[in-house]
Amino acid sequence: MRVVVASCSRTGTLGLYLAMKSLGFAPYHLAEVLHKHGIQHMRIFREAVLAQHHNYPGNRPYNKADFAKWLGDYDCLVEIPSYLGTGALEMYAEDPDTKFILIERDPGKWLKSMNNTTARAIQIGNMFPLNVLKFFDEEMYSFLELNKVLYGVWSDGTSPGSPENERALRDNYTQYTAMAKRVIPKERLLALKLDDGLGWEQICPFLGLPVPDTEYPRVRNEPETFQRAISGYLWRRARVAAFRLGALALPISVIAGYLWWALF
């Protein structure tokens, strides 16, 4: 693993994922989980998160062999370690050749962004008709279950609007950032603030690479953009599930209208 982007989701990681691709790396990001590997990696990622955070009988955290089997085709991790906690960062920090990037964001802005994106996908998945249709489409079910686990890492099982939700998100984000700075060797860490800007000029010198002639990928991944993408994805999966349910018990037009209402 050449580079580990220890940053959390909603801190410019999608643009950085595309940037690392442009620089010749093979980065692993949630986009790879969802759009390239599908159900298999959704399950693996969910299992890895549960293994790192829950001490069930017979359960054990992933070790180096597990990570190598899962991520052996990649030389760069983007945002994945933020869901896995201290153990994953410590494991990669043992390699003196691995470099780390950590992008920080104002905790208040970050928690609002999480509640307007990941949490929204969970909320509509728990409502009719998706709470029924997801059992007729394995991919949609795996996607929604993965989102629950990932959001739960930060929210301590609370839901948006509940009394302890914002406190849990803020505290967990702050504690994770402090832990990352403590665990990662300072001489191999590039720490940046999202509000200060992110571009080739910041990351290329740290990686020992020339600045490309191309523009740095500026991805508008605002909540509205995210919600449109999720709506389109769930709409496609809901259509598949509805046909499997048989005789279109719920007309497709009803499902489409529901998704639009729930997200916007």
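In this predicted model, the axes of helix 3, which spans residues 39–53, and helix 9, which spans residues 138–155, come within 9 Å and cross at roughly 25°. Because angles under 35 degrees count as roughly parallel, that crossing makes helix 3 roughly parallel to helix 9. The handedness of the crossing between helix 3 and helix 9 is left-handed.

The contact itself can be followed residue by residue. From helix 3, the participants are Ile-39, Met-42, Arg-43, Phe-45, Arg-46, Val-49, Leu-50 and His-53, and they meet Glu-138, Glu-139, Ser-142, Phe-143, Glu-145, Leu-146, Val-149, Leu-150 and Val-153 of helix 9. Sorted by character, the residues of this contact between helix 3 and helix 9 comprise 10 nonpolar, two polar and five charged.

Ahead of helix 9 in the chain is the loop that links it to helix 8 (130–133), and Asp-137 lies in this loop. Although Asp-137 belongs to a loop, it is buried, since its relative accessible area is 1% and the cut-off for a buried residue is under 20%. When residues up to four places away in sequence are not counted, Asp-137 touches Arg-237, Val-240, Ala-241 and Arg-244.

A second buried position is found in strand 1, made up of residues 3–5, where Val-4 has its place. The relative accessible area of Val-4 is 0%, and Val-4 is therefore buried. Leaving aside neighbours within four places in sequence, Val-4 is in contact with Leu-77, Pro-81, Leu-89, Tyr-92, Thr-98, Lys-99, Phe-100 and Ile-101. Val-4 and Val-78 are separated by 74 residues in sequence, yet their C-alpha atoms are 6.3 Å apart in space.

These local views can be set against the chain as a whole. The secondary structure of the protein chain comes to 13 helices and five strands, and of its 264 residues, 52% are buried. Among the contacts in the protein chain with a separation of 6 or more, 72% are accounted for by residues 24 or more positions apart; the pair of Val-4 and Leu-77 is one of the contacts described above. Turning to the surface, the protein chain exposes about 12,800 Å², and carbon and sulfur atoms supply 52% of that area.

Notes. Residues are numbered from 1 along each chain as its sequence is written. This is a predicted model: local features need pLDDT of at least 70, side-chain atom pairs count only at pLDDT 80 or more; totals for chains, interfaces and linings use all residues. Side-chain values use heavy atoms; hydrogens and water are left out. Axes are lines fitted to C-alpha atoms, for helices over the stretch in contact, and angles run from 0 to 180 degrees between N-to-C directions. Helices (H or I, at least four residues) and strands (E, at least two) are DSSP runs, numbered from the N terminus. Angles under 35 degrees count as roughly parallel, over 145 as roughly antiparallel, 65 to 115 as roughly perpendicular and the rest as oblique. A crossing is left-handed if the near helix is turned anticlockwise from the far one by less than a right angle, and right-handed if clockwise. Contact means heavy atoms within 4.5 Å. Ala, Val, Leu, Ile, Met, Phe, Trp, Tyr, Cys and Pro count as nonpolar, Asp, Glu, Lys and Arg as charged, and the others, Gly among them, as polar. Buried means under 20% relative accessible area, exposed over 50%, partly exposed in between (1.4 Å probe, protein chains only). Accessible areas come from the Shrake-Rupley method with a 1.4 Å probe; for residues, only the protein chains shown count as cover.
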